[in-house]
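Good morning, everyone, and thank you for making time for this. I would like to walk you through one protein chain, starting with its overall build and then turning to its cysteines.

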Amino acid sequence: MTHILAIDQGTTSTRAIIFDAKMMPVATAQEEFPQYFPQSGWVEHDPSDLWSTTAATCRSVIEKAGLGANDIAAIGITNQRETTLVWDRTTGQPIHNAIVWQDRRTAQICRDLAEHAETVATKTGLLLDPYFSATKVKWILDHVDGSRDRAARGELAFGTVDSWLIWKLTGGAAHVTDATNASRTMLYDIHKGRWSSTICKLLDIPMAMLPEVKDCAADFGRTRPDLFGRDIPILGVAGDQQAATLGQACFKPGMLKSTYGTGCFALLNTGDTPVTSTSRLLTTIAYQLDD
């Protein structure tokens with residue numbers, strides 16, 4: 001087992017890359033998938049597309065590399081951030097399309113909650129904005145018949161794309177996320193390192209829906225044996241921009257990276273001290289290791 005399989009689930013395509021023991025890329029596979037725009041300012045993905053392109057690119061890249069499942073030591077995942085899914089814990093079926101990070105349908109919810117903006121910023125480091133996952137979850141629960149009661153009974157799971165893929169990869173055995181993705185939901189207290197009961201109550205989101213939060217390097221579960229030929233451990237997760245920050249070795253305070261994709265994102269490492277911006281910049285978790 002000398003290779004690592006990296007999954008990069010992005011906004012417009014899914015990519016899988018295999019790296020050898022020297023961290024050199026051996027093979028890559030990529031598939032695009034449809035974007036859905038039900039109304040102006042609304043952006044959705046079909047959750048089945050996120051999963052099918054992930055499974056397909058993983059199988060394809062293993063074959064391209066001339067390897068077998070026994071050659072893959074572990075899987076790492078990076079993903080489009082903030083995109084929101086809610087699914088049935090028993091059947092694994094999503095109750096709505098994924099609402100993508102660009103989606104602006106919850107702008108009115110944010111305006112209605114304007115008096116709580118300071119509380120949100122203080123706890124999460126984020127602006128009260130439709131960009132983040134929290135108001136998207138509220139919108140789904142408000143608009144899908146019966147979902148709020150089902151959520152209260154613990155029948156529904158919320159997750160960002162990493163959580164959804166891990167759920168599917170493990171056959172529903174793991175409902176987890178990492179600290180970087182959690183910190184972009186607008187539901188996570190970045191100072192206490194846990195979900196904020198205050199904000200969940202504010203948005204009427206049952207905390208039973210939320211995934212367990214782990215370090216970026218942790219045991220996120222093992223894949224179903226039938227997917228790739230054996231159960232492979234998932235040992236690393238980080239949201240898209242934070243993963244790029246790690247990949248560019250932006251480890252020292254004061255170092256900054258900028259990446260260009262569907263959007264342009266600049267991240268500045270402030271060390272282990274959260275800095276509060278006076279210019280509407282965001283404060284978020286870059287990576288979390290050893291708790």
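Let me begin with burial: of the 291 residues in the protein chain, 52% count as buried. Please keep in mind throughout that this is a predicted model, and that what I quote is computed from it.

As for the fold, the protein chain contains ten helices and 15 strands. Its radius of gyration is 18 Å, close to the 19 Å that the globule rule gives for 291 residues, so the chain is as compact as a globular protein of that length. Taken along the principal axes, the C-alpha atoms fill a box of roughly 55 × 45 × 35 Å. If we look at contacts with a separation of 6 or more, 65% of them are accounted for by residues 24 or more positions apart.

Turning to the surface, the accessible area of the protein chain comes to about 13200 Å², and 51% of that belongs to carbon and sulfur atoms. The chain carries 27 positive and 33 negative charges, and the mean positions of these two sets are 2 Å apart.

Now to the cysteines, where a disulfide would need a pair of sulfur atoms within 2.5 Å, and where the count comes to zero. Why is Cys-58 not bonded to Cys-216? Because the sulfur of Cys-58 is 19 Å from that of Cys-216, its closest cysteine sulfur, which is too far for a bond. Cys-200 is likewise in no disulfide, the nearest cysteine sulfur being that of Cys-110, 15 Å away. Finally, are these residues buried or exposed? Cys-58 is buried, with a relative accessible area of 1%, and Cys-200, at 2% relative accessibility, counts as buried too.

Note on methods. Residues numbered from 1 in each chain as written. Predicted model: local features only at pLDDT ≥ 70, side-chain atom pairs only at ≥ 80, totals over all residues. Heavy atoms only, no water. Helix = DSSP H or I, 4+ residues; strand = E, 2+ residues; numbered from the N terminus. Rg over C-alpha atoms; globule rule 2.2 N^0.38 Å. Buried < 20%, exposed > 50% of the residue type's maximum accessible area, 1.4 Å probe, protein only. Contact = heavy atoms within 4.5 Å. Areas by Shrake-Rupley, 256 points an atom, 1.4 Å probe, with all protein chains shown as cover. Lys, Arg positive; Asp, Glu negative; His and termini not counted. Charge placed at Lys NZ, Arg CZ, Asp CG, Glu CD.
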